[in-house]
Structure formats: structure tokens, C-alpha cells
2 protein chains.
Amino acid sequence: MASSGTGTGSPCGACKFLRRKCASDCVFAPYFCSEQGPARFAAIHKVFGASNVSKLLLHIPVHDRCEAVVTIAYEAQARIRDPVYGCVAHIFALQQQVSKKKHFKPVWSEGNGRDRK
Amino acid sequence: MASSGTGTGSPCGACKFLRRKCASDCVFAPYFCSEQGPARFAAIHKVFGASNVSKLLLHIPVHDRCEAVVTIAYEAQARIRDPVYGCVAHIFALQQQVSKKKHFKPVWSEGNGRDRK
């Protein structure tokens with residue numbers, strides 16, 4: 001069986017997308033399976049570039065890399081959906097919701113406080 | 001005077017950072033001045049890559065590019081500050097604030113509504 005980062009002989013989703021050999025220590029292999037991985041990696045590659053993401057992952061602890069891949073994939077997909085604002089559109093929308101909150105006060109402040117849990 | 005995208009003879013901040021000739025139709029020139037531009041562009045280059053950002057800008061209307069550069073710069077700086085979560089950390093924090101809002105109701109709902117503005 002050929003050596004690959006997935007341990008199955010198949011290249012990981014990122015290497016499959018990049019049409020390259022998947023090394024046994026491939027930084028992408030734990031996060032991009034051979035089946036769904038290529039589609040997930042496509043957005044990341046288009047927005048950030050494989051090399052930039054590889055460097056970024058190699059500079060953070062292994063136990064943090066899964067979360068990093070999730071947030072990078074989210075940002076990449078958001079930027080493809082909305083090339084001008086990307087996920088910052090989500091931040092603007094949430095900031096608007098929070099700013100409206102200034103006109104609100106807790107429901108439990110209406111009574112005398114005895115029924116507050 | 002040499003031709004450059006800034007129209008001043010100096011390369012724009014992006015081309016200065018990339019140490020390349022700044023063409024008269026440089027896509028970065030309107031958004032990265034020769035002085036502060038290189039520092040601003042450094043984060044974008046590190047996170048997204050000059051080539052990816054150039055392609056992205058060329059695919060959106062000119063009147064939207066300034067906003068796109070602002071949001072890309074924001075995402076890049078956030079990813080450098082927090083390599084695991086990037087600006088998604090901001091989204092999580094805002095989502096928490098919004099979810100707390102469910103326990104709140106408008107201050108004007110306390111009375112009989114006659115004093116509501």
C-alpha cells in the first residue's frame with residue numbers, strides 16, 4: 001500500500017484537489033478526507049492559497065489545527081459567497097443586533113426582583 | 001517621471017512591499033499608498049497572498065473594491081493576531097452577546113405603551 005497522510009493509501013482531500021502526492025506527514029490529511037475533502041479544500045485554496053494555509057497550520061499547535069481549519073473554511077466560503085464583505089458581513093449584522101440591545105433591559109428587572117432566578 | 005499606478009512616479013504600497021514595478025493599471029495602487037501601504041499590505045500578503053487578492057479584486061466592480069480591501073485587511077490582521085480563530089473569534093463573541101439578548105425585552109414594553117416614542 002502506498003504511503004499517504006490519510007493512512008489509507010488514498011491521498012487526502014487537499015492533495016487530491018492539488019493533484020499531488022500525499023506525504024505521510026501531510027499537514028492537511030487529518031482535516032480533509034479523500035471523499036468530501038477536495039470540495040472543502042477548493043474554497044480554501046481559492047481564497048487563501050494552499051501554501052499560506054499550510055504555513056499557518058504548521059505554526060500553530062496540533063491540538064488547535066482542527067479549529068483553525070474550521071474557521072479558515074468558514075472565512076473562505078463566506079468570501080466566495082460575498083466577495084466584497086466575506087464573513088465581515090456577518091460581523092456587521094451581529095453588531096447591528098447588539099447595538100439595538102442598548103434599548104433593551106432584562107425581563108427580570110420589571111418586578112421587584114423576588115422572582116428572579 | 002516613471003509610470004506607476006499611484007500617478008506619482010512612486011510604486012504603490014503593495015508593489016513596494018513586493019519589490020516590483022508598479023504598472024499604470026496596478027489593481028492595488030488606489031488602495032495602498034506608497035508610505036503606509038506596505039505595512040498594510042504585508043498582513044494581506046501573508047494571509048491571502050498577493051495573487052489571490054489581485055484575482056479577487058479584478059472580479060468585483062471597481063466601486064466595491066475599496067470596501068473589499070478594507071474587509072480583507074481586517075480579516076488578515078485578525079488572522080495574524082489570532083491564528084486559530086481569526087475574525088471568527090469576533091463572530092463568536094457577538095453571537096454570545098446576541099444570544100443573551102433573548103432574556104431581554106424592550107424597555108418601552110414595561111408601561112402601557114403610551115409613552116413609547
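This chat goes through the cores and pockets of a predicted model.

Student: Ground rules?
Tutor: Local features need pLDDT of at least 70, side-chain atom pairs count only at pLDDT 80 or more, and totals for chains, interfaces and linings use all residues. Residues are numbered from 1 along each chain as its sequence is written, chains are lettered from A in the order written, and side-chain values use heavy atoms, without hydrogens and water.

Student: Which residues touch the most other members of the largest nonpolar core?

Tutor: Phe28(A) and Phe28(B), in a core of 52 residues. A core is a set of buried Ala, Val, Leu, Ile, Met, Phe, Trp, Tyr and Cys joined through side-chain atoms within 4.5 Å. Buried is under 20% relative accessible area, with a 1.4 Å probe and protein chains only.

Student: What is Phe28(A) in contact with, beyond four places in sequence?
Tutor: Its partners include Cys12(A), Phe41(A), Val53(A) and Leu57(A). Contact means heavy atoms within 4.5 Å.

Student: What does the second core include?
Tutor: That separate core has 10 residues, among them Ala78(A), Ile91(A), Val98(A) and Ile91(B).

Student: Pockets now. What volume has the largest?
Tutor: About 380 Å³. A pocket is an open set of 1 Å grid points, over the protein atoms alone, where a 1.4 Å probe fits, with protein on both sides within 12 Å along at least five of seven lines; lining residues have an atom within 4 Å of a point. Volume is the space filled by probe spheres set on the points, which are joined across faces, edges and corners.

Student: Which element gives the most to its lining?
Tutor: H3(B), a DSSP helix run (H or I, at least four residues) numbered from the N terminus, with 6 residues.

Note on methods
Buried < 20%, exposed > 50% of the residue type's maximum accessible area, 1.4 Å probe, protein only. Helix = DSSP H or I, 4+ residues; strand = E, 2+ residues; numbered from the N terminus.
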